[in-house]
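Trainee: I would like a close look at a single part of this model, read slowly enough that I can follow it residue by residue. Please start from one element, and then connect it to what lies around it and elsewhere in the chain.

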Amino acid sequence: MQVLHINQSDITGGAAIAVHRLHQGLLAQGIDSRLLVDIVTTSSDRVAATPPRRRWDYQIRRLTKPLGFNDIHLTSTFEITKHPFYQAADVLHFHNLHSGYFNYLALPSLTKSKPAILTLHDMWSITGHCAYSFDCNRWKIGCGNCPYPDTYPPIQRDNTRLEWKLKNWAYSHSHLVGVVTTSHWLAEQAKQSMLGRFPVHHIPYSIDTQAYQPLDPEKCRSLLGIATGKKVLMFGAQSLTNPRKGGDLLLKALSGLPDSLKSEIVLLIMGNGGEKMAESLGIPSLNLGFVSSDRLKAIAYSAADLFLFPTRADAFGLVAQEAMACATPVVAFKVGGVPDIVRPGMTGYLAQPDNALDFGTGIVQLLEDQGLRDRLGQQSREIILEEYALELQSQRYLQLYEKALLY
């Protein structure tokens, strides 16, 4: 069986990392898995680039972009059918279909002769434009009158009702045999959406539990140059300045910590944009910047007493999963799919959404109780091993692929 994953990138971004891990898991199961992506950064004969934009795509974009349509100018998407990876594939597996590389109107033609599965990594596939709708439920009734036109991916004009209808048309004419979500929360959203016409499955992200495992905390701190006797708080995201990631809420929570506790803390920052935050707090910090190495990330997570995950909206929480695999408890907000993995009293602390004071309470509670932290860390590792190992995810997808071939 040959499976072709179509995604925006091979390893850049949370969804891409998750897809690449699935790809590796399938290869380990003996499945011929390949990636067709817009941004190629790895070197592999199993990874190839999507067809380049046509010259007239850019001219069409000058008309469609001001009207509020970000991607329907990409006629190059229809050329995927000519790619050798596509022609050899038995099953198509679509992932993030936004980010300016894919025209969803091509779904009917791409799935005409091949069964396909669509995995949702956020809400974009069920809305009139946004990746996360926050408190807006207009996607259930066809969008229009969008309250958040500037949220990612932003639109220049509110044509969300028409885009919603276009997506609905594309799905109704596509050979999608199933929709997969990464969390129970997103599964419920999908069932209430235009994708509810298809079977909806829940298959969470997996993680390499050998690459991400607990390491000796003191040795890891020594490697990173962190002084002994300090309490290490770690946080990170691909872009810490993204409002959805909750950097402002984290700043409020940390600002409200007792001065006696602040004097004991070191902030370990992973990602872009964390320098100014640390400076404004007056708390010693170590900024690792953007980290792609699994080994370095495992060292950082193992060096931390707590991982802080202040996201305002998330379909799962990949970095929280990585921290838990390294036996590091997590403090997060009770939003989206985060409660699937951050479980109060088991793997961490869940604060009420947008409540920085409650978030700070969680930090204090866990920092001041070494025994509690150790127990939560151990349980975190056990849950990752039991529920999120690579082979579990690949086996679940393999069952779906086999069913798809019967359609």
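Mentor: A residue counts as buried when its relative accessible area is under 20%, as exposed when that value is over 50%, and as partly exposed in between (1.4 Å probe, protein chains only). Helices (H or I, at least four residues) and strands (E, at least two) are DSSP runs, numbered from the N terminus. What you have is a predicted model, in which local features need pLDDT of at least 70 and side-chain atom pairs need 80 or more, while totals for chains, interfaces and linings use all residues. Residues are numbered from 1 along each chain as its sequence is written, and side-chain values use heavy atoms, with hydrogens and water left out.

The part I would choose is α11, which spans residues 294-303. Of its 10 residues, 7 are buried, so that the helix is mostly covered. Those buried residues run from K297 through A298, I299, A300, Y301 and S302 to A303, and they therefore include a lysine, a tyrosine and a serine as well as alanines and an isoleucine. Look at A298 within this helix: the residue has a relative accessible area of 0% and is buried because that value is under the cut-off. Although 84 residues separate A298 from P214 in sequence, their C-alpha atoms are 7.5 Å apart in space.

The helix also takes part in the second largest pocket. A pocket here is an open set of points on a 1 Å grid over the protein atoms alone, where a 1.4 Å probe fits, with protein on both sides within 12 Å along at least five of seven lines, and lining residues have an atom within 4 Å of a point. This pocket has 20 lining residues, and the ones nearest its centre are P217, A304, D305, A327 and D374. Three helices, α7 (217-224), α11 and α14 (370-387), each supply at least two residues of the lining. Among the contributors, α14 gives the most, with 5 residues.

From α11 we can turn to the strands numbered after it, where two strands pair if DSSP finds at least two bridges between them. Strand β11, made of residues 306-309, pairs with β12 in the parallel sense over 3 bridges, and F307 is the residue that stands opposite V330 of β12. Strand β12 covers residues 330-333; V330 and A332 point to one side, V331 and F333 point to the other, and all four are buried. Strand β12 is also parallel to β13 (residues 348-351), to which 4 bridges join it, and there A332 has L350 as its bridge partner. In other words, β12 has a parallel partner in β11 and another in β13.

A second set of parallel strands occurs at lower residue numbers. Strands β1 (residues 2-9) and β2 (residues 32-39) pair in the parallel sense over 7 bridges, with N7 bridged to V37 of β2. Strand β2 is joined in turn by 3 bridges to β3 (residues 47-49), again parallel, and L36 stands opposite A48 of β3.

Two further residues are worth setting beside A298, as both are buried. T182 sits in the loop between β6 (176-181) and α6 (184-191), and its relative accessible area is 1%, so the residue counts as buried although it is in a loop. Y397 belongs to helix α15 (residues 390-404) and is likewise buried, at 2%. The C-alpha atoms of Y397 and L357 are separated by 40 Å, with the two positions 40 residues apart along the chain.

Finally, some backbone details in the loops deserve your attention. The peptide bond that joins Y152 to P153 is cis, with omega about -15°, and P153 lies in the loop between β5 (116-120) and α5 (160-172). F134 is placed in the loop between β5 and α5 as well; its phi is positive, about 55°, although it is not a glycine, and at 36% relative accessibility F134 is partly exposed. S99, in the loop between β4 (91-94) and α4 (107-110), has a positive phi too, near 70°, and its 29% relative accessibility makes it partly exposed.
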